[in-house]
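Me: I am new to this structure and would like a close look at one small part of it. Start there, then work outwards to the rest of the chain.

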Amino acid sequence: MSDVFISYSRKDSAFIKTIFQALEDRKFTAWVDWSDIYKGEKWLEAIYLGIENADTFLFVLSPSSLTSEVCHKEIAHARRHNKRIIPIVFQPVEQDNKLMPEIHTAWFEQDWEANARANWTEIKAINWLYFRETDDFQAAMTTLMEALRTDVIRVHQHTQLLNRALQWERNNRNSSILLSGDELAQAEEWLNQSEQAESPPRPTDLLRDYIQTSHADYLRRVRHARRLKQAVGGFAVFALLAVLITGFALRRASVSEDTRATERWEASIDAMREARDGTLTAGLGMVPPTTTYVPNPQFIATTTRVAELNAWIPDVAIFDGVEMVRVPAGCFWMGSASMDDEQPITEICFKDDFWIDRTEVTNEQFERLGGTAIADSITADAPDLCPANLDPQAPRACITWQEANRFCMEHRGMRLPNEAEWEYAARGPDSLIYPSGNTFDPTQVAYAGNTSEGVDENGDEITRAQPVGRFDQVGSWVGALDMSGNVLEWVSSHYAPYPYATEDGRENLADDFALRVMRGGSFLDASEGNLRATFRLNGYPIFSETELNFFAYVGFRCAQ
């Protein structure tokens, strides 16, 4: 996301470079298309995405921009999404308080004439800022900064919610993209404020529909969860009976089977039952047990493999001075029924072992191996923005997806784990709810309940990420620490609906605009639900200074 999208005519490029630099000097990020060649629809889509991702639409008024078809397309797109628009005058466009005749003439009988007139009606009704050659540039910049900083939180929330709503709309209103919990409560509060606000941005019809649909869906899921809670005892009994019946059928059908193979099956039946019970508890629903069974050596070998994985002893090795743990090949149930974006529950299998960092990448490792992050230049004079970065053994936070991905690939010759790998390393073949088991253990998690360090002089609570492994000294089944709590962790995957599939485009690393997934919860989370190993959040992969507070609790680990 960016603070500002600058819409301008190519003929005014020299002035745009000046104002772009002035914005950067004041720590504002600006989206500018510097190309001078019209590249077709893909190019225009990128322009539109830039507008959607910017908090403010800055339109540079000049005769050239008002007679540009592309500029009018940009203005219309900003108006369509109720973006905050700030017009700045670079060259005069009026004569005797009327639009210059030559501009009117340029519109005449153009396909976009109606669009231009509608844009002008809105633009002329907004207060203009003046950046003409005769105006004091520094004074004009001060006025622009005041305008950009006005109501900045509500404006930024508009951008965030708009992007979620557009993602929902462009994915056929997929329910997994709807809001819930705290996000929904904050969105409804924003909607009420924005409906009553006198200044832009105002909610769009799509935003109202998105929030209202999220509310209705949340109520439906709450009612559904209550009904499931009442019925879950019956489901658990049914699951146990089904396992026992299946085991009985196996024993009868296996009379002629090799005695040792049968014993191996019976030894692994408890492991299979625990795996199903883990899935049941994790999702408040159940993957139905097999109702018919024809025993064969391959299936017995598979179930024996589950028993072997349950007895897995962590294998730790050191790569470039960083501890990594081996994740053995195997299968697990990915997802749960707790949240729409965690469904459907799907069995995911890995044919080969892989390695994942034992802890989140620490500040010491990041600096020693040559990592770089744009946040460093901003937080150097304001360390309180990323306090965890002062501790060499704390996880590296204030990091974007791009920076995390680059560090793993370029500085370690590795990669970010994908979403399925991360969840398997956290949950294992039993498909556990939490890395430590099926019940929440607050002694093994750095979360809001144990990371408070008191209050500051303003009475605000002080909390921050903890040194890796401070609370979680046992780890997941493979020995990976802090996979629940401490900091959220970037994974390679796009935030896309389940079922997870590597071949559906969600592992495209070249897309700089697609939302990326974060896993594991953080030290700010008080809700046990957000600390589950199936919980998913998402964020934009690129840097935005306005989201520093958000990035302050996001870190990562590498895999290979």
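Let the starting point be M100: is this residue buried or exposed? And which residues does M100 touch, leaving out those up to four places away in sequence?

Reply: M100 is buried, because its relative accessible area is 13%, under the 20% cut-off. Keep in mind that this is a predicted model.

First, the setting. M100 sits in a loop, with β6 (98-99) on one side and α5 (101-107) on the other. Leave out residues up to four places away in sequence, and M100 touches P92, V93, E94 and Q95. P63 is worth finding too. It is 37 residues from M100 in sequence, yet the two C-alpha atoms are 8.3 Å apart in space.

Now step out to a sheet. Five strands form it, in the order β2-β1-β3-β4-β7. The sheet is open, and its pairing is parallel. Its edges are β2 (30-31) and β7 (129-130), each of which pairs on one side only. Strands of a sheet pair through backbone hydrogen bonds, either parallel or antiparallel.

Look at one pair in this sheet. Strand β1 covers residues 2-7, and strand β3 covers residues 54-61. Five bridges join these two parallel strands. V4 stands opposite T56 of β3. A helix also packs on the sheet: α4, residues 69-80. Helix α4 touches β1, β3 and β4 (84-89). The direction of α4 makes about 145 degrees with that of β3.

Next come the nonpolar cores. In soluble globular proteins, nonpolar side chains tend to be buried together. Here the largest core has 28 residues, and V327 and Y424 have the most contacts inside it. Several elements each supply at least two of its residues: strands β9 (322-327), β10 (330-334), β11 (346-350) and β12 (354-357), and helix α16 (419-427). The largest share is from α16, with five residues. Another core lies apart from this one and has 26 residues. F5, I47, V89 and I123 are among them.

Go back to V327 for a moment. Set aside its neighbours within four places in sequence, and V327 contacts D353, F354 and I356. V327 also contacts Y424 and A425, then W477 and V478.

Charged pairs come next. Side chains of opposite charge can pair when their charged atoms come close. The count for this model is 26 salt bridges. Three of them show a range of settings.

Take R132 and D135. Their side chains meet in a salt bridge, with N and O 2.8 Å apart. R132 is partly exposed, at 31% relative accessibility. D135 is partly exposed as well, at 23%.

Then D205 and R208, whose side chains meet with N and O 2.9 Å apart. The two residues are about one helical turn apart, because they lie three residues from each other in helix α10 (residues 205-253). D205 is exposed, because its 62% relative accessibility is over the 50% cut-off. R208 has 21% and counts as partly exposed.

The third pair is E421 and R415, with the closest N and O atoms 2.7 Å apart. E421 is buried, at 7% relative accessible area. R415 counts as partly exposed, at 29%. There is also a network: E419, E423, R427, R519 and R536 are joined by salt bridges that share partners.

How far does the confidence reach? The mean pLDDT of the chain is 82, and 79% of the residues reach 70 or more. Residues 228-303 fall below 50. This stretch still has 72 contacts in the model beyond near neighbours in sequence. Residues 545-549 also stay under 50 in pLDDT, and the model has 16 contacts for them beyond four places in sequence.

Last, the whole chain. It has 17 helices and 18 strands. Of its 560 residues, 52% count as buried. M100 counts as buried too. Consider contacts between residues at least 6 apart in sequence: 75% of them join residues at least 24 apart.

Definitions and conventions. Residues are numbered from 1 along each chain as its sequence is written. This is a predicted model: local features need pLDDT of at least 70, side-chain atom pairs count only at pLDDT 80 or more; totals for chains, interfaces and linings use all residues. Side-chain values use heavy atoms; hydrogens and water are left out. Two strands pair if DSSP finds at least two bridges between them. Helices (H or I, at least four residues) and strands (E, at least two) are DSSP runs, numbered from the N terminus. Contact means heavy atoms within 4.5 Å. Axes are lines fitted to C-alpha atoms, for helices over the stretch in contact, and angles run from 0 to 180 degrees between N-to-C directions. A nonpolar core is a set of buried Ala, Val, Leu, Ile, Met, Phe, Trp, Tyr and Cys residues joined through side-chain atoms within 4.5 Å. Buried means under 20% relative accessible area, exposed over 50%, partly exposed in between (1.4 Å probe, protein chains only). pLDDT is the predictor's confidence in each residue, from 0 to 100. A salt bridge is a side-chain nitrogen of Lys or Arg within 4 Å of a carboxyl oxygen of Asp or Glu.
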